[in-house]
Structures are given as structure tokens and as C-alpha cells.
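Reader: Could you pick one part of this structure and go through it closely with me? I'd like to see what sits around it, and then how the rest of the picture hangs on it.

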Amino acid sequence: MELWFSEPHTPDVKLSIRVDRQLYSGESGFQRIDVYESPEFGRFLVLDGYIMLTEKDEFIYHEMLVHVPMAVHSHVKRVLVIGAGDGGAVRELVRYPEIEHIDLVEIDEEVIQVCREFLPKTACRLDDKRVHIHYADGLKFVRSREDEYDLIVVDSTDPFGPGEGLFTKEFYGNCYKALKEDGIMVNQHESPFYEADAKACMRAHKRIVESFPISRVYQAHIPTYPSGHWLFGFASKRYHPVHDLDAERWLARELETGYYTPRLHEGAFCLPAYVEKLLRQVEIQ
């Protein structure tokens, strides 16, 4: 008998992945957590029935979340990561020796425990001495911070359940306050393709542009996310994501990547016409 995992993308669309076995299933105080093993995508993490990452394509998401701001900001030393209990964002961040301190704020301790055990490819650098793990609500944590971080990475789940508070105007305003005068915030921005996701994307972007003087959206192709077309947000007090890109400096690091390059970086901010139309009413020109 074949075993399949199916995730609904709309009432009329599902993504189905054949699985070999279920490695873990449990209920934390916040959500249901499942880990499956599949022949095509390797192991994958599911929260409340939605795929968070797969071993095969997670590198795309985490590289675009981390290397885009790091190729723009010239002196990142202190980083706040909100969400990201799987460890993928941290894995990419610790590749930069100039980063001195990373605060990882994850509301659900069980997510980190499960990923350490079943997804070691992403959770492999959580024990780096620069990483300080806080089991807390990201919205509450960032309220008490001011002028502290060079970079904030918001690697949240979807805008409902435990991650809902990370898509509010209050949260983005507090992130602005927590950043230094030249700080950058990046966030996962949902998919623009299906109607319900597009509306969530527009709401989040509107709240960000109300808080930051520079706000742009960029994209990547991630096969297991709804529609495969995924957006990220880049918000800054000073830096423009394309005009201030220092490709030579980033290339000199000789970091090996599977998706990100400085050339792709520039192209990622060139959005399709339908996405531009969605964001036009809230985008700062």
C-alpha cells in the first residue's frame, strides 16, 4: 500500500508527495508536528498539516532569506532570527565569521528538538557558540529591544496559528525600533499566485511599508511551496537591496551556494507584472 502526504493549497488544489514512512508525529503546546521521509524530497517537516521544509529544496528558501541581506549590509555583527526553529537560517548565518551574536527566538521548543533529531542537515549549526536560543513569543521578545540588531530575519510560519502575531503592524514597528540606524529586516512573504495567499501577501507588505522607508519584494522558485512561486520582503532604514549590493565583496567570500548568486540577487527583485500590480498600491517608489 502506498502512503501519500497531501497539503491543500486551495479548495481545488493539493500537493501530494509519496512517503516511505512517518518518522515522527506529536502535539506540542502550540501545534501538531510531523516528519516524513519521501523518495523524491527526502525528509520533510510539517506543522499543522503544512510543509515547512523539505531536505531537497530548503536550500533555496534559506539561502535567499540570508544571503540577500548579507550581500547588501557591509558589517552585520548582531542578528535576531524569529522563528526558524528548523535551524536552516542559522546554518547559513554562521557561515559569516564577522557575525558575533545570533539571538534565535522560537516559540515552540519541541520544533527545535524534533529538527535536531530528524532534520540534522538544517539543524546542524544550532550549537554554534554565537547562537543563543530563546523559547519565547517573537512579538513579545522584540518589544523589549531597541537599537540592538544589524539584521532581523523573520522566518515565520504562515499568518495564522502560532505565527499570526508576526504579520502585524505592531510587530514590524517593533522590528524597526530594534534595528540599528542602518539595519535590515527580511521576512518570508507568502505566495502571490493563489487569491487567499496574495491577499495575505499584500496585507503584510502594506504594514511593512508603513514602518520602513525602504521596502522591496523579491522572489524565488521553491517547488514544494504553494504554486512554487514564493516572495520575500526586504525592508531597511538605509540600504537599497539592489543599488547597495556589493557583489565583489560577497563573491570574495567564496561561499558555496546551490541557488543564490549576486546576479540572481539583482534579478530576484524584477517581479512579474501580476505581482507588481498586486503590490503597486502599497509599494514605496
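Author: Let's agree on one word before anything else: contact means heavy atoms within 4.5 Å. With that in hand, and keeping in mind that this is a predicted model, let's settle on helix α7, residues 195-209. The elements covering its buried residues include α6 (169-178), β11, β12, β13 and α10 (273-279). As for which residues those are, buried here means under 20% relative accessible area, and in α7 that goes for Asp197, Ala198, Ala200, Cys201, Met202, Ala204, His205, Ile208 and Val209. It helps to recall that an α-helix has 3.6 residues a turn, so residues three or four places apart point the same way. What about the length of α7? With 15 residues at 1.5 Å each, α7 should span 21 Å, and its end C-alpha atoms are 21 Å apart, which agrees.

Now look at what α7 lies on. The helix goes across β11, β12 and β13, with its direction at about 150° to that of β12. Those strands belong to an open sheet of 7 strands with mixed pairing, in the order β9-β8-β7-β10-β11-β13-β12. At the edges are β9 (131-135) and β12 (214-221), each of them paired on one side only. Going from strand to neighbouring strand, the turn averages 15°, ignoring direction. The partner of β12 is β13 (residues 229-236): the two run antiparallel and share 8 bridges. One pair to find on your screen is Ile214, whose bridge partner in β13 is Ser236. Helix α1 (residues 58-70) packs on this sheet too, touching β10 (149-155), β11 (179-188), β12 and β13, and its direction makes about 145° with that of β12.

Follow the sheet order to β7 and you get to a strand that is mostly covered: of the 6 residues of β7 (78-83), 5 are buried. On one pairing, β7 runs parallel to β8 (residues 101-106), with 5 bridges between them, and Arg78 stands opposite His101 there. Getting from β7 to β8, the chain passes through helix α2 (residues 88-93), and this β-α-β crossover is right-handed. The pairing of β7 with β10 is also parallel, over 5 bridges, and in it Leu80 has Ile152 as its bridge partner. A general reminder for reading any of these strands: in a regular strand the side chains alternate between the two faces of the sheet.

There's another sheet to place. This one is open as well, with 4 strands in the order β3-β4-β5-β6 and antiparallel pairing. Its edge strands are β3 and β6 (50-54), each pairing on one side only. The twist from one strand to the next averages 20°. Inside it, β4 and β5 run antiparallel and are joined by 6 bridges, with Ile33 opposite Leu47.

The helix to watch here is α3, which lies across β3, β4 and β5 at about 160° to β3. Within α3 (residues 109-118), the buried residues are Glu110, Val111, Ile112, Val114, Cys115 and Phe118. Their cover draws on elements of both sheets: it includes β3 (21-27), β4 (32-38), β5 (42-47), β8, α4 (120-123) and β9. Where α3 starts, a side-chain oxygen of Asp108 comes within 3.1 Å of the backbone nitrogen of Glu110.

Gly26, in strand β3, shows that packing from the other side. Its relative accessible area is 15%, which means it counts as buried. Discounting residues up to four places away in sequence, Gly26 touches Gln31, Arg32, Ile33 and Glu110. The C-alpha atoms of Gly26 and Val114 are 9.6 Å apart, although 88 residues separate the two along the chain.

One last stop, back toward where we began. His9 sits in strand β1 (residues 3-10) and is buried because its relative accessible area is 14%. Its side chain makes a polar contact of 3.3 Å with that of Glu7. Apart from neighbours within four places in sequence, His9 is in contact with Lys14, Leu15, Tyr194, Thr224, Tyr225, Pro226 and Ser227.

Notes. Residues numbered from 1 in each chain as written. Predicted model: local features only at pLDDT ≥ 70, side-chain atom pairs only at ≥ 80, totals over all residues. Heavy atoms only, no water. Pairing = 2+ DSSP bridges. Axes fitted to C-alpha atoms, helices over the stretch in contact; angles between N-to-C directions. Buried < 20%, exposed > 50% of the residue type's maximum accessible area, 1.4 Å probe, protein only. Right-handed = clockwise from strand over helix to strand, strands pointing away. Polar contact = N/O pair within 3.5 Å; in protein donor to acceptor, adjacent residues only side chain to side chain. Expected span 1.5 Å × (residues − 1).
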